[in-house]
Amino acid sequence: MFGSRITGARTYLSAVVGACALTMASFGPAAAETRTFAVGWFSLATNSTENDCGPGGPNPGVQIQYQKSLADLGYTPKQIEELVKKAQGGEGGEMFDILRNRGRMDGKPVSPYIYPATSVDPKWKAITGKQAYGFNLDGKGEATKNGFEDPETREKGVNNELYRALGCYISMRGSLEGRPTYWAWAWGQLKDSQPAWLITVDGADLTKDGPVTVTFDRALEHLKSNVDGSPRADATYRYDSDPRSHNSYKGEIKNGVVTISEHGDFRMLQNPLVAPEFKLAKAHLRMKFKPDGSLTAFIGGYQPWSDLYFGFASGGIGIEQCVTGDIPGLYWLMRKHADADPDPKTGQNASISATYYIEAVPVFAAHPVAPKVAGDGGDAGGR
Amino acid sequence: MRSFLSRTTGLAIVFVAAGGLLACSADTSKQAASAPAAKTAAIAKDAVYAPRQLTMRRLSGEQYQNVIHDVFGPTIELGGRFEPDLRVNGLLAVGSGDVSITAAGIEQYDSMARRIASQVVDEKRRDMMLRCKPADVNAADDACAGQVMARVGRILYRRPLTQAELQAYVTAANVGAVKTKSFYTGLSLSLGAMLSSPKFLFRTETAEPDPDHAGGWRLDGYSKAQQLSFFLWNSGPDQLLLDAAESGKLSTRKGVAEQVERMIASPRLEEGVRAFFIDNFGFDQFETLSKDTTLFPKFSAAAASDAQEQTLRTVVDLLIKNKGDYRDIFTTKKTFITQELGAIYRIPVVDALPNGSPDTWQAYEFPADDPRGGILTQVAFTALHSPPGRGSPTLRGKALREVLLCQKVPAPPANVKFDIVQDTNNPLYKTARDRLNAHAINPVCAGCHKIIDPIGLALENFDGAGAYRTTEQGAKIDTSGSLDGTTFTTAAELGKAVHDNPNTTSCLVNRLSAYALGRPVQEAAWIDDLKQRFAAHGYQLPALMREIAVSDNFFAVKSVETKAADAAAVPAKEAR
């Protein structure tokens, strides 16, 4: 029956496959149950609440941010008013030329996107609220200075400084359900332009507590979507054998929650438009299977913030205006709140604690092997 | 003597089918009992002889395309759109004798004709297509134009052009060449005119005295040729068939049989079989099928297209490639699948192709204990006969009765209310069975629902897009029911009940013969004879097609209007 094929052992197929396709072959000894999921939504785990940016609320919109940038460059209020008036009248060339070169290197204008440290720190606000999704990455628990409380687990001492740094930008505000503008834009770019990300969970019985193995891989195929743009459940993918995007962790299911006990590195290749790769050190994971067969997950760790910054900056003034808001301002915020990997000389932290939120749909996946003859196939994975 | 006729069949058609018109209050189990038992004795041919009226059928869009590709190759792009078809007594093929062409349709045909003609004479193709070159490309050339138009015209008109017709087309090509100072432009204009001609767009028939039936008439050789080719291949006659007509071989039963054997042995038979089932299953309705994307997000345009193809591949593989029993299409576990369908069926389908590549088809066999089996459980049937936002036991049951058992179900009364049936969120009536039971309390509705719902409810494990489910609004779905006295509890058992129902095979005989002739077949003796032969051949479809194609009735015509145009109908001497 269908139920056993979906959740049961890797023994559900009797497909006859034509030439040029991989067979859905039988499987060797393996875990009794395997489920595979394709990531259908990926964003910084965001928990914006009222007053979490302190008095005055979140940072202003980009037009006000630009006016502050012009003021920081020394333009008078009258000059700024004239530049803005021209821009509003369709003659924004002058103002945007100034803004896209608002960095100063040896006194000369340079791109603040490429050289963010040459821009003036606008000192935009960061989160002052007390709650954020995440993990106790530093192991200090409640002793963590300025740690968050996770609104779901109520764990204290949660490290998520990336959320603190970015969370008062309008484009970064939202919730798990109300998707933040930037992450919705970023995922929109990623999902159709890079291979899908697959999560595979192996265990004796995934409906019960017990040890599991969780792996993250890239697929050879892009994410498959439904007519309404939602990720397609029950589609079939092939695992990419590239080890650079293969991550495997021992873990367990306890009270229906999957966590990992090995907190190694996490690395996935990504579309350079957002970031060339996605890396976390000291990876932590928390996943739940949903009744409809899908899952939600939080994955956290310490992330090199320069990767993130140049992801933000890659779109230049266009993305700055339409999506992110003041990009160099993001640089200064992340630099300030970075909390790991200090530089031995300067003490500047190169990484920042972060937690991302994942939604994934159940899919089929196969390990392709080089065909020996036409029609010879591969090793199909379960879900 | 040759008489050239172009008369459509009458509009008043009496429907006679295997089960006839269903009386909604009747005990349907009696129908099965009253179905004729299989007879073993063959009926003499004369006893089943039943001449018909001549017909004039408009080419379907697929037939038009097939003929163009036969003549000019598959790289020719048609463009444009075809006139809507008319379904009569369950078949577009029957309706094709009742349709004309609207003014807008003429514009479309003209547009397509010009587009095709310009592709035929373009520099890339002209040498291969035309097989002759003008003495001067900037001037008219009688010989080359005549050679081209005679050869092409013979295939497009399915008969040789008359001398007058050929001369008219050569003159048109010449005038065009002179005015445009281009032989090829002139030829293109003339070819475009030929492609817009009713003689191409309509299948006209010509009759001759039938020596095998004194005083009777039959189709002449060329009309026989097109009758055979459109039935068996869904395209115009090839050169061999036209040669057989020209040589008189099609005037004999032996000659017809030889050609039928050749055509049935050809891979092109698959095209004819597909065309029949596309028509019979009503797959043209997919063009207007829509699904609520919120409720059925997997049901894409590609899924709809693949669903039709899946059923066709299932049928063709079983009936043509494996020479199987027609009844097994309702029970077979073997089918074909794509990634697009795999997501709906929840079956892994690995395709080792680059992103963005078209899906490939893979053979697949459902496990023995899988609830799916047979075409009734495939997405094409369950999704096609469902409204946009839900499944419909009523529509599915009605389709099964009408399409597969040839039993006409009366339309519902105009003032009937469907609000309970359509309320899929009804907290009181959670399943379709519950809602239909509540709806059928109305005695006006109960009669018909009694005969269509039990079979439709057997398919309730498949939602409006054909995906498997076991519950509706949290309530377990009950798929039990009965068909003409045979009870079942699952969709698979419904398939077996349809497989074993005598109306299943007799319906196919009715439909296929009507499809072949382009009209409802009222000759009970002939139909009975075909049913017996079909059974004797193990319900193999090609055998039934052969029996129809070699039957005198396939060519016999009832009456003839003679036209004094014999002189014009003398075949032109032509180059082929």
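Trainee: What pLDDT does chain B average?
Mentor: This is a predicted model. In chain B, 89% of the residues score at least 70. The average pLDDT of chain B is 87.

Trainee: Which residues of chain B, with 63 contacts beyond near neighbours in sequence, have a pLDDT below 50?
Mentor: Where pLDDT is low, the predicted coordinates should not be read in detail. Residues 25–44 of chain B are one stretch below 50, with 23 contacts beyond near neighbours in sequence. The stretch with 63 such contacts is residues 1–21.

Trainee: How many Å separate the centres of domain 1 and domain 2 of chain B?
Mentor: Domain 1 covers 59–77 + 99–202, and domain 2 covers 293–500. The centres are taken over C-alpha atoms. They are separated by 46 Å.

Trainee: What covers the buried residues of helix 5 of chain B?
Mentor: Helix 5 spans residues 103–121 and reaches 27 Å from its first C-alpha to its last, close to the 27 Å expected. Its buried residues include B:Tyr109, B:Met112, B:Ile116 and B:Val120. Their cover includes helix 3, helix 6, helix 9 and helix 10 of chain B.

Trainee: Is B:Pro371 buried or exposed?
Mentor: B:Pro371 lies in the loop between strand 8 and helix 17 of chain B. Its contacts beyond four places in sequence include B:Thr377, B:Asn461 and B:Tyr468. A residue is buried at 20 or more C-beta neighbours within 10 Å and exposed at 12 or fewer. B:Pro371 has 17 such neighbours, so it counts as partly exposed.

Key. Residues numbered from 1 in each chain as written. Chains lettered and ligands numbered in written order. Predicted model: local features only at pLDDT ≥ 70, side-chain atom pairs only at ≥ 80, totals over all residues. Helix = DSSP H or I, 4+ residues; strand = E, 2+ residues; numbered from the N terminus. Contact = placed C-beta atoms within 7 Å. Expected span 1.5 Å × (residues − 1). Domains from an automatic or database assignment. pLDDT = per-residue confidence, 0-100.
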